[in-house]
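User: I am a first-year student and I would like a close look at a single part of this structure. Could you take one helix and walk me through how it sits among its surroundings?

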Amino acid sequence: MKKVFIFNFTLALFIFLLISCSGTKQKAKTIIVGTGTAYKPYCYLDENGNLVGYEKDVLDAIDELLPQYTFKYETFDFSNILLALNAGKIDIGAHQFEESEERRKNYLFSTETYNSFITHIVVLKDRTDINEFEDLIGKTVQINVGDNSAASILKYNENAPKDKQINTFITKSLQSEPQIAGFKSHQFDASFMTLLDLDRLNNDYGDILKYVGDPLNSSYSYLVFKKDNTELQQAVDGALKQLKESGKLSELAIKNLGRDTTKGE
């Protein structure tokens, strides 16, 4: 009889806790995260159409640490994510956003970073005429709208005389296939990317690219919020800090990117 009572009590306690947890989840505030689908290995769709990648894994890990919130995802072209944040359609912008003076004026950034970006000049392997930044003068360089590397080139052109300008081929987060086609057709002579992206393109398209010269830019990735959303920002920062201290963030980077890119080393 005593064993039956203990069993029934344990079962009742389990059911109570299950109901309590369900109630807590139902009361959690839904947070809409805006991200992309075509930036492998950061945020992209797998063969089943599911959103995957380093960005998604980090956000899921943050979500697990914040029971007061439930993250849901909406996907956009990169150039439309911050527009959606402005319009109130999403609560967090997540697409490996780098900081800039203009963005800092308009948005609230996480104080904790979760990835580093060291970008290099990249050209076809058979190019021998581009070996450093100065060799880009008079050449055409592919740059993505919103990238810090793009901002560096545009700022350089603002201050350079006409005979020292670098021509720009401006795109919106150009995908792999058209980027390789642009190199091969000499639509542009060079681009800027991380060594991780360079390795990925060479693996996919036959080892045709190389990096040259010193790194152009070194920066970090941040999550982006509306200016007045300090409560959400602080909660996310706390979770990111916890992921760093536990080593979980480094584990996710190694899993998705093949190396720990969280410290800028």
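Analyst: What follows is a close look at helix α8, with a few other parts of the chain added for comparison.

Please keep in mind from the start that this is a predicted model. The chain holds nine helices and 12 strands, and of its 265 residues 44% are buried. Among contacts with a separation of 6 or more, 74% join residues that are 24 or more positions apart. The accessible surface of the chain is about 14,600 Å², and carbon and sulfur atoms account for 52% of that area.

Helix α8 covers residues 230-246, and its length can be checked by simple reasoning: 17 residues at 1.5 Å a residue should span 24 Å, where the expected span uses one less than the number of residues, and the C-alpha atoms at the two ends are indeed 24 Å apart, so the expectation and the model agree. Which residues of this helix are buried? They are L232, Q233, A235, V236, D237, A239, L240 and L243. Just after the helix comes G247, which takes a positive phi of about 85 degrees.

Two packed helices are described by the angle between their axes and the distance between the axes. For α8 the partner is helix α2, residues 54-65, and the two pack at an angle of about 110 degrees with their axes 9 Å apart. Because angles of 65 to 115 degrees count as roughly perpendicular, α2 is roughly perpendicular to α8. On the α2 side the contact is made by V58, A61, I62 and L65, while α8 contributes V236, A239, L240, Q242 and L243. Sorted by type, the residues of this contact are eight nonpolar, one polar and no charged. Of the α8 residues just named, V236, A239, L240 and L243 also appear among the buried residues of that helix.

Helix α2 also contains D57, which has a relative accessibility of 17% and therefore counts as buried, since the cut-off is under 20%. Leaving out residues up to four places away in sequence, D57 touches L252, K255 and N256. The pair D57 and K255 lies 198 residues apart in sequence, yet the distance between their C-alpha atoms is 9.7 Å.

A second helix pair can be set beside the first. The axes of helix α6, residues 176-184, and helix α7, residues 195-205, come within 11 Å and cross at roughly 80 degrees, so α6 is roughly perpendicular to α7. Here S176, E177, Q179 and I180 of α6 meet R200, L201 and Y205 of α7, and the residues of the contact divide into three nonpolar, two polar and two charged.

In the loop between α7 and β12 lies D207, whose phi is near 55 degrees, a positive value in a residue other than glycine. With 44% relative accessibility, D207 counts as partly exposed. Q96, in strand β6, likewise has a positive phi of about 55 degrees although it is not a glycine, but Q96 is buried, at 5% relative accessibility.

Strand β1 offers one last example of a link across the sequence, for it includes I32, which is buried with a relative accessible area of 18%. I32 and I92 are 60 residues apart along the chain, and their C-alpha atoms are separated by 6.6 Å.

Conventions:
Residues numbered from 1 in each chain as written. Predicted model: local features only at pLDDT ≥ 70, side-chain atom pairs only at ≥ 80, totals over all residues. Heavy atoms only, no water. Axes fitted to C-alpha atoms, helices over the stretch in contact; angles between N-to-C directions. Helix = DSSP H or I, 4+ residues; strand = E, 2+ residues; numbered from the N terminus. Parallel < 35°, antiparallel > 145°, perpendicular 65-115°, else oblique. Contact = heavy atoms within 4.5 Å. Nonpolar A, V, L, I, M, F, W, Y, C, P; charged D, E, K, R; others polar. Buried < 20%, exposed > 50% of the residue type's maximum accessible area, 1.4 Å probe, protein only. Areas by Shrake-Rupley, 256 points an atom, 1.4 Å probe, with all protein chains shown as cover.
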